[in-house]
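The following explanation leads through one protein structure, beginning with its metal site and moving outward. Please keep the sequence and the model in view while reading.

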Amino acid sequence: MEIYLHNTLTRQKEKFIPIRDNEVKMYHCGPTIYDHPHIGNLRTLIFGDILRRVFEFNNFKVIQVMNLTDVDDKTIKNSQKEGVSLYDFTYKYEKIFRDNMEELNIKTPHHMPRATEYIDEIIIMIEKMLENEIAYKSDDGIYFSIEKSEGYGVLAQLKIDHSEKATSEDEYDKENAHDFALWKFTKPEDGENVWVAPFGDGRPGWHIECSAMSLKILGETFDIHTGGEDLIFPHHTNEIAQSEAVTHKHFVNYWMHAAFMNASGEKMSKSKGNFSTLETIKEGGLSPLDFRYLMLTAHYKTKLEFSNDSLVASAQARKKINRAIAEFPDFGSVQKDLLNIFIEMINDDLNMPEAMALAWKILKDENILEADKKATILEFDKVFGLKLGEIDQVEIPQKVYALVDAREVARNEKDWEEADRYRDEIQQEGFIVKDTANGPQILPL
Ligand SMILES: [Zn+2]
């Protein structure tokens with residue numbers, strides 16, 4: 001079946017035509033590993049995962065790359081603050097990042113290159129650009145000259161004023177205000193984080209890293225490049241300029257960008273201390289899969305308003321569908337007509353909200369056998385990735401045990417009002433208590 005995707009290059013939904021039949025090569029801009037990922041970034045990652053799953057569901061062979069930025073101003077500064085090597089510092093945050101991915105049931109990309117492992121490839125690209133004179137050397141680094149770049153800014157639909165010269169207030173020594181650094185020469189504060197290069201020792205700029213890694217792993221031209229919409233300019237715009245300056249080939253056929261996630265009307269960022277990481281969500285007693293569910297309820301191109309209430313509502317919905325699937329009998333058959341509707345929805349630029357609504361409709365349909373409902377929705381879950389039917393293993397907090405004990409005392413004293421009050425409190429903690437012949441049994445809500 002045909003797949004349609006919204007392409008940022010054309011600002012249109014287009015039929016996907018792969019470079020090679022039944023194969024898709026995709027590159028996703030990964031995180032800078034210097035802190036806990038914030039939930040805005042996690043939304044983008046879940047989008048990348050859904051995209052991969054949709055192609056796999058359509059029997060494509062997928063090759064997915066996600067880079068890890070392990071050298072930049074922030075990683076260097078923060079590693080020095082902690083008094084550890086850049087490698088040890090970024091390794092710690094890479095581990096946290098990978099754990100977050102696993103908890104969100106995000107499939108591990110086939111390649112997860114670290115920028116510092118591709119310094120040779122970066123240097124070769126910069127040397128080629130210096131040869132072609134599209135790059136120039138200044139006092140503090142090597143810069144890319146956008147004036148000499150044909151078609152610069154097409155992705156971002158930029159109108160560049162080439163007469164705009166760099167002002168003295170600019171932090172760097174460059175000829176045009178929009179020129180960007182390919183390589184930054186060593187500064188005293190870089191410490192031991194220096195790489196030897198023929199044009200001067202230093203370290204790579206951020207943009208060139210992705211160009212070098214994608215070229216090495218996926219080749220000169222590949223199918224899809226994804227990321228958050230904040231990367232359209234300058235990051236992706238600069239990636240195109242560099243890559244095409246080196247290869248003289250078209251870089252990427254389809255660019256896809258996930259929208260921002262807002263919290264209380266503001267763009268999420270690390271500077272705002274709110275419900276902002278997976279850790280804080282777990283501390284709040286919710287599952288990472290509740291967050292994944294919430295992300296599926298909005299289209300990836302829709303700006304999403306994040307709130308604690310919406311997450312709690314998603315948690316309740318996920319529990320409900322999860323329990324229903326767990327309790328339905330096995331060995332049903334996938335309903336082909338419903339499956340076709342589902343495929344049409346997900347192939348229409350990843351319309352997950354509609355696909356999720358279809359799952360709920362099936363769940364409530366009295367004309368479908370429970371076993372068939374289960375088989376069909378579990379088939380959908382290959383794309384949702386919600387691990388439906390697997391009841392969460394939750395740890396029961398000490399407080400809940402204490403409340404259950406207090407309720408038992410009240411019941412023995414036949415103080416039913418007091419016992420009911422405890423039962424309500426237990427529910428508020430997210431548990432229900434069932435009275436069995438063997439005493440009270442505690443279950444997650
Ligand atoms: Zn990138």
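In this predicted model, the zinc ion has as its protein donors Cys-29 through SG, Cys-210 through SG, His-235 through NE2 and Glu-239 through OE, at 2.0 to 2.8 Å from the ion. The angles that these four donor atoms subtend run from 72 to 131°, which makes the arrangement irregular. A tetrahedral assignment would require all angles to lie between 85 and 135 degrees, and the lower end of the range, 72°, does not meet that requirement, so the site is classed as irregular. For reference, the ideal angle for four tetrahedral donors is 109.5 degrees.

Along the chain, the donors follow the spacing C-x180-C-x24-H-x3-E. Cys-29 belongs to the loop between strand S3 (23-28) and helix H1 (39-57), whereas Cys-210 belongs to helix H5 (residues 206-218), so the two cysteines tie together parts that are 181 residues apart in sequence. Cys-29 and Cys-210 are both buried.

Two of the zinc donors reappear in the surroundings of His-225, a residue of strand S9 (residues 222-228). Its relative accessible area is 0%, so His-225 is buried. Beyond its neighbours within four places in sequence, His-225 is in contact with the donors Cys-29 and Glu-239. The other contacts of His-225 on the same terms are Tyr-27, His-236, Phe-251, Val-252, Tyr-254, Trp-255 and Met-256.

A backbone feature is found in helix H6 (residues 232-247), which contains Pro-234. The peptide bond from Phe-233 to Pro-234 is cis, with omega near 0°. Most peptide bonds are trans, and most residues other than glycine have a negative phi. Two residues have a positive phi without being glycine: Arg-11, with phi near 55°, and Glu-133, with phi near 60°. Arg-11 sits in the loop between strand S1 (4-7) and strand S2 (12-15), and its relative accessible area of 33% makes Arg-11 partly exposed. Glu-133 occupies the loop between helix H4 (119-131) and strand S5 (135-137), and with 54% relative accessibility Glu-133 counts as exposed.

The next topic is the packing of helix H1. The axes of H1 and helix H8 (residues 288-296) come within 10 Å and cross at roughly 70°; the two helices are therefore roughly perpendicular to each other. On the H1 side, the contact involves Ile-39, Leu-42, Arg-43, Ile-46, Asp-49, Ile-50 and Arg-53, and these meet Phe-291, Arg-292, Met-295 and Leu-296 of H8. By residue type, the contact comprises seven nonpolar and four charged residues, with no polar ones.

Helix H1 also holds Glu-56, which is partly exposed because its relative accessible area is 23%. Apart from neighbours within four places in sequence, Glu-56 is in contact with Val-62 and Lys-107. The C-alpha atoms of Glu-56 and Lys-382 are separated by 9.2 Å, although their positions lie 326 residues apart along the chain as sequence separation.

Helix H12 (residues 370-384) contains Lys-374. Is this lysine, Lys-374, buried or exposed? With a relative accessibility of 9%, Lys-374 counts as buried. Not counting residues up to four places away in sequence, Lys-374 touches Ile-325, Ala-326, Phe-328, Pro-329 and Asp-330.

Another charged residue, Asp-72, is placed in the loop between strand S4 (61-66) and helix H2 (73-82). Asp-72 has a relative accessible area of 14% and is therefore buried. Its contacts, leaving aside neighbours within four places in sequence, are Thr-32 and Arg-203. Asp-72 and Ala-181 are 109 residues apart in sequence, and their C-alpha atoms are 12 Å apart in space.

Finally, the protein may be viewed as a whole. Its secondary structure comes to 14 helices and 15 strands, and its C-alpha atoms fill a box of roughly 85 × 55 × 35 Å along the principal axes. Of its 445 residues, 52% are buried. Among contacts between residues at least 6 apart in sequence, 74% join residues at least 24 apart.

Notes
Residues are numbered from 1 along each chain as its sequence is written. This is a predicted model: local features need pLDDT of at least 70, side-chain atom pairs count only at pLDDT 80 or more; totals for chains, interfaces and linings use all residues. Side-chain values use heavy atoms; hydrogens and water are left out. Donors are N, O and S atoms within 2.8 Å of the metal (3.2 Å for Na, K and Ca); water is not among the atoms, so sites may look incomplete. Four donors count as tetrahedral if all angles lie between 85 and 135 degrees; four count as square planar and six as octahedral if opposite donors are over 155 degrees apart and all others between 65 and 115; anything else is irregular. Helices (H or I, at least four residues) and strands (E, at least two) are DSSP runs, numbered from the N terminus. Buried means under 20% relative accessible area, exposed over 50%, partly exposed in between (1.4 Å probe, protein chains only). Axes are lines fitted to C-alpha atoms, for helices over the stretch in contact, and angles run from 0 to 180 degrees between N-to-C directions. Angles under 35 degrees count as roughly parallel, over 145 as roughly antiparallel, 65 to 115 as roughly perpendicular and the rest as oblique. Contact means heavy atoms within 4.5 Å. Ala, Val, Leu, Ile, Met, Phe, Trp, Tyr, Cys and Pro count as nonpolar, Asp, Glu, Lys and Arg as charged, and the others, Gly among them, as polar.
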